[in-house]
Amino acid sequence: MRLLVLGGTVFLSHAVAAEALRRGHEVVCAARGTSGRVPDGARLVKVDREEPDGVRALAGERFDAVVDVATMSHRWVLDALRAVGADAGHWTFVSSINVYADAVTAGQDERARLHEPIAEEAPPEERIQHPYLYGAIKAASEQAVLERMGERAFIVRSGLIVGPGDVSDRFGYWPARISRGGRVAVPDAADQTTQWLDVRDLAAWIVDAGEQRLGGVFNGVGTAHRLGAFFDRTVAAVGAPDTELVPVPLPVLEAEKVEYWRGPRSMPLWMPDEDAGFCAHDNSKALAAGLRPRPAEETLRDVLADELRLGLDRDRKAGLTAAEEAELLRALEVRS
Ligand SMILES: NC(=O)c1ccc[n+]([C@@H]2O[C@H](COP(=O)([O-])OP(=O)(O)OC[C@H]3O[C@@H](n4cnc5c(N)ncnc54)[C@H](OP(=O)(O)O)[C@@H]3O)[C@@H](O)[C@H]2O)c1
């Protein structure tokens, strides 16, 4: 098939393009080309979606399938639909579980209530001021794709996407840290749920969907694990023999200003209780439609290999530095 990837220079969209090429498809990527390179064999059409009608370079081209990963702009989605939607055989829109209004309830499926759609665009820094804007814009973008493409629309609500090439540094913190062994500070939240999907499995399913013309709305998320079980499996898969997990009670983490989920001085994957349902979505519809998450151990080993390639001592975007972790463990001793 002839596939258009709106993106293709980084992480998921790059993995989709690479998987499609591996299967022998013709792949066109449309991006600025500033975040990275498209996979060998793909053709890059330079576009800047920030500009009005920024994808006009694609007008008149015909694609069997299109994959769009637009994050925070409803207009980008409309522009793309206008440029190539009429002739496209299939349209994947990569959305997010952030579309759901209720972040507390575990086990929600695709029928759960969404945020009120906001048909706008917003620069990423505004996500912080308006926590629901990302989900609300994704909800409006989904609606636009469904209205325009009907049964040709494949909406994938992704949760945490992990794996080689992840630029967020979140998931990789744990295999990297645990591979070094010693006393590893972990949040004392073993019963919390965590849920992720390997980028390669999501990419493969997106390419399958284009090949099979699979339509509908899906939670494209992986298997939910207890956080405690996740740490145990990480130790078993990639841990140094002297690894000792040290659960740090939540009041200590709070007092020491350790953040949840992402960013500097954080415990990645750990969530506040008010977001307990965020990493526990129902993926049964996606599994029935062919999503095949690989075993956690395989992802952990491959992510560690990627971490080693990047360098374990590099500055990270997420997690604790060695000095911050040592300080946290000292604070724990003083308090106990
Ligand atoms: N990561 C997660 O855990 C997670 C969770 C839930 C949902 N998602 C969703 O999953 C998708 C991830 O996509 P991704 O991994 O490919 O990363 P991404 O950062 O969302 O995609 C960026 C792509 O868009 C292109 N792009 C950015 N600005 C552009 C512009 N002005 N004009 C044209 N192209 C532009 C980039 O290329 P250039 O910069 O080279 O132009 C790049 O190829 C997104 O839809 C995201 O919302 C991610």
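Helices (H or I, at least four residues) and strands (E, at least two) are DSSP runs, numbered from the N terminus. The structure described here is a predicted model. In these terms, Arg213 is placed in the loop between helix 6 and strand 10, the latter spanning 216–220. The phi angle of Arg213 is near 55°, a positive value in a residue other than glycine. Most residues other than glycine have a negative phi. With a relative accessibility of 45%, Arg213 is classed as partly exposed, because this class lies between the limits of under 20% for buried and over 50% for exposed.

A positive phi is also found at Trp261, a residue other than glycine, where the angle is near 65°. Trp261 belongs to strand 13, which covers residues 259–261. The relative accessible area of Trp261 is 13%, and Trp261 is therefore buried under the 20% limit.

The ligand is surrounded by 29 residues, and Thr9, Ser13, Arg32, Ser35 and Tyr134 come nearest. By class, this shell comprises 11 nonpolar, 12 polar and six charged residues. Polar atoms of the protein approach the ligand at several places, including Thr9, where a side-chain N or O atom is 2.7 Å from an oxygen atom of the ligand. At Gly33 a polar backbone atom is 2.9 Å from a ligand oxygen. A nitrogen atom of the ligand, in turn, is 2.9 Å from an N or O atom in the side chain of Asp48. On its own the ligand has 900 Å² of accessible area, of which the protein covers 86%. Two or more residues of the shell come from each of helix 1 (11–22), strand 5 (91–96), helix 4 (133–149) and strand 7 (160–162).

Enclosed space was examined next. The search of the whole structure gives one cavity of 30 Å³ or more. The volume of the largest cavity is about 80 Å³. Its lining includes Val162, Gly163, Gly165, Asp166, Asp169, Phe171 and Gly172. Val303, Asp306, Glu307, Leu310 and Arg314 are also lining residues of the largest cavity. Helix 10, residues 296–310, makes the greatest contribution to this lining, with four residues. The lining of the largest cavity divides into five charged, four nonpolar and three polar residues.

Open space was considered separately. The second largest pocket contains about 360 Å³. Its lining is formed by 18 residues, and those nearest the pocket centre are Leu312, Arg316, Leu320, Thr321 and Ala322. At least two lining residues come from each of helix 5 (173–180) and helix 11 (322–335). Helix 5 supplies the largest share of the lining of the second largest pocket, four residues. Nine of the lining residues of this pocket are charged, seven are nonpolar and two are polar.

Ser168 is placed in the loop between strand 7 and helix 5. The relative accessibility of Ser168 is 18%, so Ser168 falls under the 20% limit and counts as buried. The side chain of Ser168 makes a polar contact of 2.9 Å with the side chain of Arg170.

A polar contact between side chains also involves Asp201, which lies in helix 6, residues 199–212. Here the partner of Asp201 is Arg294, and the contact distance is 2.7 Å. Asp201 has a relative accessible area of 7% and is therefore buried by the 20% limit.

One pairing of positions separated along the chain was examined through the C-alpha atoms. Leu245 is placed in strand 12, residues 244–248. Its C-alpha atom is 4.9 Å from that of Val184, although the two residues are 61 residues apart along the chain. The relative accessible area of Leu245 is 25%, so Leu245 is partly exposed rather than buried, the limit for the latter being under 20%.

Note on methods. Residues are numbered from 1 along each chain as its sequence is written. This is a predicted model: local features need pLDDT of at least 70, side-chain atom pairs count only at pLDDT 80 or more; totals for chains, interfaces and linings use all residues. Side-chain values use heavy atoms; hydrogens and water are left out. On a 1 Å grid over the protein atoms alone, a cavity is a set of points where a 1.4 Å probe fits but cannot get out, and a pocket is an open set with protein on both sides within 12 Å along at least five of seven lines; lining residues have an atom within 4 Å of a point. Grid points are joined across faces, edges and corners, and a volume is the space filled by probe spheres set on the points. Ala, Val, Leu, Ile, Met, Phe, Trp, Tyr, Cys and Pro count as nonpolar, Asp, Glu, Lys and Arg as charged, and the others, Gly among them, as polar. A residue is near a molecule or strand if one of its heavy atoms lies within 4 Å of it. A polar contact is a pair of N or O atoms within 3.5 Å; within protein, one must be able to donate a hydrogen and the other to accept it, and residues adjacent in sequence count only if both atoms are side-chain atoms. Accessible areas come from the Shrake-Rupley method with a 1.4 Å probe; for residues, only the protein chains shown count as cover. Buried means under 20% relative accessible area, exposed over 50%, partly exposed in between (1.4 Å probe, protein chains only).
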